[in-house]
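Student: I'd like a close look at one part of this structure, the aromatic rings that sit together. Could you walk me through them and then show me how the surroundings fit in?

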Amino acid sequence: MEDKRNPRPVEESSQVPNITLLVLLGLIAALLYVGWQYLKEDSISDNELTNAGTDSIAVIDNNRESPVVAEAASDEESEDQEKVKESEEKKSDSKEEHKKEEKKEKKSESKEKATTKTKVEKSTYSKASDASLGKGETITHVVQAGETFFGIANRYNLKWQSLQKLNPSVNPEGIKVGVTKLKVRVLKVHTVGSGDVLRVIAQKYGVSKALIMQANKKTRDITEKGEKLIIPLK
């Protein structure tokens with residue numbers, strides 16, 4: 001008897017394993033690709049971490065070096081401050097020296113003026129003679145501020161030698177304000193009456209009005225009733 005069963009198609013059964021194989025190969029390729037990508041990302045992250053660590057080490061090193069730089073900068077600033085202080089001290093010293101020199105110059109000028117004034121006073125002799133010292137009356141003059149022995153003699157129209165004779169115990173260079181009292185010879189102490197003016201008084205005693213004003217330290221031609229006027233010797 002013949003077998004009437006249908007034979008299996010050879011072509012269809014042979015195609016199924018091929019498709020399955022291709023699918024498997026595709027999956028394997030996909031898995032390999034995914035794994036490669038994963039490994040690539042891991043290597044990138046490792047590199048980033050390495051770079052980050054290097055940067056942090058560099059930052060730490062920079063931070064460690066910064067105090068040294070800061071110390072160097074502070075040293076430079078301190079040196080600059082010291083230089084500024086030294087220059088200021090030098091300036092102050094020069095100013096003090098300049099002030100001292102100015103004071104010395106002023107003192108020397110004042111001494112020169114005093115010496116010149118004394119010389120002028122010494123050279124300006126009054127016209128009152130030694131013979132006239134026996135006339136008139138004696139008054140007491142108390143030395144005032146700014147006065148000198150020679151100036152007092154000139155005020156009362158006396159020679160300084162005549163004033164020295166009247167005050168032999170007095171040192172002309174050692175008189176003191178408010179302490180030294182000098183004897184002075186004058187012609188008269190006149191008490192101003194009604195109608196008395198300097199011109200009339202000067203004519204009365206035969207002394208110039210200028211000498212009367214000089215002896216009484218007057219700057220204006222004015223008199224007051226009851227005023228005491230010193231009439232100097234002529």
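Tutor: We'll start with the rings, then move outward to the cores, a histidine, an alanine and two unusual loop residues.

One thing to keep in mind from the start is that this is a predicted model. The mean pLDDT of the protein chain is 77, with 69% of the residues reaching 70 or more. Some stretches do worse than that cut-off. Over residues 65-70 the pLDDT stays under 50, and the model has zero contacts there beyond four places in sequence. Residues 118-126 also stay under 50, but for them the model has 14 contacts beyond four places in sequence.

Now for the rings. There are two aromatic pairs in the structure. In one of them, phenylalanine 149 meets phenylalanine 150 edge-to-face, with 6.0 Å from centre to centre and 85 degrees between the planes. Both of these phenylalanines are buried. The other pair brings phenylalanine 150 together with tryptophan 160, again edge-to-face, at 5.4 Å centre to centre and with 70 degrees between the planes. This pair links distant parts of the chain: phenylalanine 150 belongs to helix α2, while tryptophan 160 belongs to helix α3 (residues 160-166), ten residues apart. Put the pairs together and you get a cluster of Phe149, Phe150 and Trp160.

So how covered are the two partners that bridge the helices? Phenylalanine 150 has a relative accessible area of 4%, under the 20% limit, so it counts as buried. Tryptophan 160 comes out at 24%, which puts it in the partly exposed class.

Between those helices there's a residue worth pausing on. Asparagine 157 sits in the loop between α2 and α3. It has a positive phi of about 60 degrees even though it isn't a glycine. Its relative accessible area is 7%, so asparagine 157 is buried.

Let's step back to the whole chain for a moment. It has five helices and four strands, and along the sequence they follow the pattern α-β-α-α-β-β-α-α-β. Of its 234 residues, 21% count as buried. Take the contacts with a separation of 6 or more, and 67% of them are between residues 24 or more positions apart. The chain exposes about 18,000 Å², and carbon and sulfur atoms supply 55% of that.

With that in mind, look for the nonpolar cores. The largest one has 18 residues, and those with the most contacts inside it are Tyr156, Leu158, Leu163, Leu182 and Val184. Helix α2 (149-155) and strand β2 (181-186) each supply at least two residues of this core. If you click on valine 184 and skip residues up to four places away in sequence, you'll find that it touches Glu137, Thr138, Ile139, His141, Tyr156, Leu158, Leu163 and Leu166. There's also a second, separate core of eleven residues, which includes Tyr205, Val207, Leu211 and Ile231.

Histidine 190 is a good next stop. You'll find it in strand β3 (residues 188-191). Its relative accessible area is 7%, so histidine 190 is buried. Its side chain also has a partner: a polar contact of 3.0 Å joins it to the side chain of aspartate 196. Leaving out neighbours within four places in sequence, histidine 190 is in contact with Asp196, Ile201, Lys204, Tyr205, Glu227, Lys228, Leu229 and Ile231.

Next comes alanine 215, in helix α5 (residues 209-215). With a relative accessible area of 0%, alanine 215 counts as buried. Not counting neighbours within four places, it's in contact with Arg155, Tyr156, Ile230 and Pro232. You can also compare alanine 215 with alanine 153: they are 62 residues apart in sequence, but their C-alpha atoms are 9.9 Å apart in space.

Our last stop is lysine 217, in the loop between α5 and β4 (228-231). Lysine 217 has a positive phi of about 55 degrees, although it's not a glycine. Its relative accessibility is 53%, over the 50% limit, so lysine 217 counts as exposed. Set that against asparagine 157, which is buried, and you have two loop residues with a positive phi in opposite surroundings.

Notes:
Residues numbered from 1 in each chain as written. Predicted model: local features only at pLDDT ≥ 70, side-chain atom pairs only at ≥ 80, totals over all residues. Heavy atoms only, no water. Buried < 20%, exposed > 50% of the residue type's maximum accessible area, 1.4 Å probe, protein only. Polar contact = N/O pair within 3.5 Å; in protein donor to acceptor, adjacent residues only side chain to side chain. Contact = heavy atoms within 4.5 Å. pLDDT = per-residue confidence, 0-100. Core = buried A, V, L, I, M, F, W, Y, C linked by side-chain atoms within 4.5 Å. Areas by Shrake-Rupley, 256 points an atom, 1.4 Å probe, with all protein chains shown as cover. Phe/Tyr/Trp six-rings, centres within 6.5 Å; stacked < 30°, edge-to-face > 60°.
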